[in-house]
Amino acid sequence: MARFRDLESLFPITNISTVVHLFRNELENTPEPDIALLSIVAGVIENSLTSRSSSALQMCEPVEQNSLPILQLETVETLYHKFHGIIKSAVDSNKSKSFATRELVKKVSDVIWNSLTRSYYKDRAHLQSLYSYLTGSKLDCFGVAFAVVAGCQSLGYNDVHLALSEDHAWVVFGENGTETAEVTWHGKGNEDKRGQEIGKGISARSWLYVNNKPVVCTRHMEVAALVSAINPSLNSTHDAFEVSLLQQELLWLLYDLGHLKKYPMAIGNLGDLEEISSKVGRVPCKTLFEEAIASARTYYNNQHVYPYTYQGGYFYRNKLYQEAFESWANASDVIRLYNYSRDDEEIYKEFLEIANELIPHIMKVESSGFSANTILKKPECFANLLRFYDGICKWEEGSATPVLHIGWAKPLVNTISKFDSDVRAQLNIVCDKLEDKLLKNGGECDTASSEKIETDTTEAKEIRNGKPSTSKEEIDTRTTSNKRGGTS
Ligand SMILES: CC1(C)CN=C(N2CCN(c3ncnc4sc(CC(F)F)cc34)CC2)S1
């Protein structure tokens, strides 16, 4: 295949810079990047550096930076042609239409689906790439969706693209790219809905489908997705350093080319990598987490939670507890707009960990008496804590499945009681019932009501998202139309 002839000059690949060069070449010098090729290359490297057999940890070999096991062109070429062969033999290749049909998409999904190993541990690491599919017949949920898109690309259907929520993946296709189809499974024990349109029923209001604001990938963003999905973990405690470095270099390449602009989670992934080992001359990771939030607000109507939990996690790890509270309250302002459904376990676990592990840990540290500038004396922090919990309560309201249970109450009571009573008294809570109803019920609302509950008139300060107001007047003039600055 001509493709491989012009790649010959780069092989055999022995270092990270050459892999970056190959990706750059695909991203900039081809009509569109070949995502099957790039997934195989990334997968071979990841698996050779993280599989127990060859891990340097075992051989205790000092690996100098930028070195990789030798990657031969024929290794990649063989796997690539194997993938092509599987897809072409199963789908009659006389490509009649210029756009994919639901039948075609379903057919490709069936080919992948029916060639997977019967039963295997689906959440295992390193099951995301075509290398895993071609050598082990195993893929995770994301990997199946990715393989379907790669299969459609290899058949010449360039209208089929990956659509990503924060915990699921599907495809869009058709003349306007507006047709949608499930192509993989989600979660445990759920019947797969492959072939069906996305979120028509009750699931449309669940976080899993992000209120119909998924990341719809271009071919270049599909490269960002496969790079984001690179998993450097060697075991539960160690990462393979070179895999991590390769992922970081490739994400910076995609960042510089502008392909992460509409992909908050990929920016967040890069932020996490930069926090661990920052690159000279690059923006700090704190900025990246802010950029991920800005991207979600700009392109996805602030319906995504993870940008705030990326940022909150960063603040927490760096003991910036006041800032962490604000990020988590902002995350809660997003989830309040959804109805909780059984498909939302992942984000439920995220909020549970924040409420029952991270915040109690902060309370313990802050009330140990050694914190000079303790958050326990800051009304803004108390306000953000309440906003955090209020969002979770709102999430539960109107949902078929309950969220909160007694396990949440004990840490909550414990946390609230750690704030000084005079701090708690400084809070004036203004509820915009109207806005919540409007946002949650898509604009329908029975009564407009805005109650103001003054808990203390002496020095009542209105705390809006952690920022005390300047004057009392501002509080009295508030009306139901005031937007609650949910995304401060
Ligand atoms: C703040 C966090 C807990 C840290 N990592 C988080 N991740 C969230 C998920 N991650 C992702 N990163 C890039 N792209 C995607 S697409 C997707 C859904 C899947 F079904 F396709 C997940 C995901 C990466 C890791 S959220």
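**Exercises on the ligand shell and the nonpolar cores**

A polar side-chain atom of Y263 lies 2.7 Å from a nitrogen atom of the ligand. The model is predicted, so local features need pLDDT of at least 70 and side-chain atom pairs pLDDT 80 or more, while totals for chains, interfaces and linings use all residues. Residues are numbered from 1 along each chain as its sequence is written, and side-chain values use heavy atoms, without hydrogens and water.

**Exercise 1.** Identify the residues that come nearest to the ligand, and the side chains whose N or O atoms approach a ligand nitrogen.

*Solution.* Start with the shell: 15 residues surround the ligand (a heavy atom within 4 Å). Of these, F142, H168, Y263, N269 and Y310 come nearest. Next, take the polar contacts (N or O atoms within 3.5 Å). An N or O atom in the N269 side chain is 3.2 Å from a ligand nitrogen; for Y310 the distance is 3.4 Å. Finally, the ligand alone exposes 570 Å², of which the protein buries 75% (Shrake-Rupley, 1.4 Å probe).

**Exercise 2.** Which helix gives the most to the shell around the ligand?

*Solution.* Helices here are DSSP runs of H or I, at least four residues, numbered from the N terminus. Helix 11 (264-276) and helix 13 (306-317) each supply at least two shell residues. Helix 13 gives the most, with three.

**Exercise 3.** Find residues that F23 touches in the largest nonpolar core.

*Solution.* The core joins buried nonpolar residues (under 20% relative accessible area, 1.4 Å probe, protein chains only) through side-chain atoms within 4.5 Å. F23 is among those of its 138 residues touching the most other members. Leaving out residues up to four places away in sequence, F23 contacts (heavy atoms within 4.5 Å) L38, V41, A42, V223, L226, V227, L250 and L253.

Conventions: Polar contact = N/O pair within 3.5 Å; in protein donor to acceptor, adjacent residues only side chain to side chain. Buried < 20%, exposed > 50% of the residue type's maximum accessible area, 1.4 Å probe, protein only.
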